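Student: Can we go through this structure together, asking each time how a label is earned?
Tutor: Sure, let's have a look.

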Amino acid sequence: MRILSGVQPSGGGGAHIGNYFGAIRQHVELQARGQGIYFIADYHSMTSVRDAAQRRELVRELALDYLASGLDPRRSILYRQSDLPETCELAWLLTTVTPMGLLQRATSFKEKSAAGLQPDHGLFAYPVLQAADILQFQPDLVPVGLDQKQHIEMARDIAQKFNQTYGSEVFRLPEAHILEDVAVVPGIDGRKMSKSYGNTLPMFGPEKQLRKAVMAIVTDSTPVAQAKETRQTLFQLWSLFATQDEREELFARARAGGLGYGEVKQDLAERLLRFFAPMRALRADLARRPDEIEDVLRQGAGRARELALATWTAAREAAGLGAR
Ligand code: ATP
Ligand code: MG
């Protein structure tokens, strides 16, 4: 089985717990079930990061986040998106069969524009590049957070359109794989946790900063003595680090009244730090060997190229590009 997914090196303090529970953790677990192909989406980050040195640094940081999370480069492929420039060519082949209306319906584009991000054509067209990322590998499974469900559906539509247009079965239609219970991890302001919204709890942020961010999680103004609504951001985030029994116990205390938000926040900070502590130590160790990180990415790109080559060639052939 082939598994494909990616994360953007888009700053905001590095991979956050939404990326981890919504995507990276599954990527690591799925390594046991097939050939994982994971990429650091530096082309995609160009719609938000405009500094060359910063992009390189963010790629390195994200590679560290992935490896520290348990991605095994002997088993899985980890590559940098821009090491396969052919993906951009494929995106052009796809963009010429993509209806404008399809892209206009993309909720992620609408949300980012509404959040004040200055939309450029890249942000608008990014589902097409993402379709190329996916389709070039003919994957069986595409594990993502719920926010990406629509984009995977768009990749299916685009693949179908290309196949129909050129009367060939160049692309197989991809399937999204979404864990429902952690599908969307909320950020500290209650919106989706996103690097580009500055509302994250980074997996490996400095301890002090993390504690501060946890204390800043939005809550309502219910007094300590009164019953609390457990369907709010703070309890959702806390639950990521608790067992079912612990959750039932805390929620019962919340409903009974007398539980303060401050106490829950402090406990959440402890749990979060404890949960990521072993990965944090591994990450610090890896960070001392930057050449190894670069080797992993280079070798990953080499292996990824071998897997994508047949599809690139078939797509060009079907479209009548280049000499016969
Ligand atoms: P950006 O704000 O730049 O879009 P992001 O924080 O949304 O960054 P991405 O790189 O776009 O992160 O997404 C990487 C993976 O993490 C995707 O599979 C996505 O579905 C998942 N993901 C991102 N945010 C969340 C979240 N809040 N909850 C669950 N999964 C998430
Ligand atoms: Mg995103």
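**How the labels are earned**

Tutor: The protein chain has 13 helices and 5 strands. This is a predicted model, where local features need pLDDT of at least 70 and side-chain atom pairs count only at pLDDT 80 or more, while totals for chains, interfaces and linings use all residues. Residues are numbered from 1 along each chain as its sequence is written, chains are lettered from A and ligands numbered from 1 in the order written, and side-chain values use heavy atoms, leaving out hydrogens and water.

Student: What makes a stretch a helix or a strand?
Tutor: Both are DSSP runs, numbered from the N terminus: H or I over at least four residues for a helix, E over at least two for a strand. α1 covers 17–30 and β1 covers 2–7, so both pass.

Student: Why does the radius of gyration of the protein chain agree with a compact globule?
Tutor: Taken over C-alpha atoms, the rule is 2.2 Å times the number of residues to the power 0.38. For 324 residues that gives a value near 20 Å, and the chain has 21 Å, so the two agree. Its C-alpha trace spans about 75 × 45 × 40 Å along the principal axes.

Student: Which residues are closest to ligand 1?
Tutor: Ser10, His16, Asp147, Lys192 and Ser196 are the closest of the 23 that surround ligand 1. To count, a residue needs a heavy atom within 4 Å.

Student: What makes the pair between Lys192 and ligand 1 a polar contact?
Tutor: The cut-off is a pair of N or O atoms within 3.5 Å. A side-chain N or O atom of Lys192 is 2.6 Å from a nitrogen atom of ligand 1, so the pair qualifies. Ser196 has a side-chain N or O atom 2.6 Å from a ligand oxygen, and for Lys195 the distance to a ligand oxygen is 2.8 Å.

Student: What stands out about Gln138?
Tutor: Gln138 has a positive phi of about 50° although it is not a glycine. Gln138 lies in the loop between α7 and β4.

How values were computed: A polar contact is a pair of N or O atoms within 3.5 Å; within protein, one must be able to donate a hydrogen and the other to accept it, and residues adjacent in sequence count only if both atoms are side-chain atoms.
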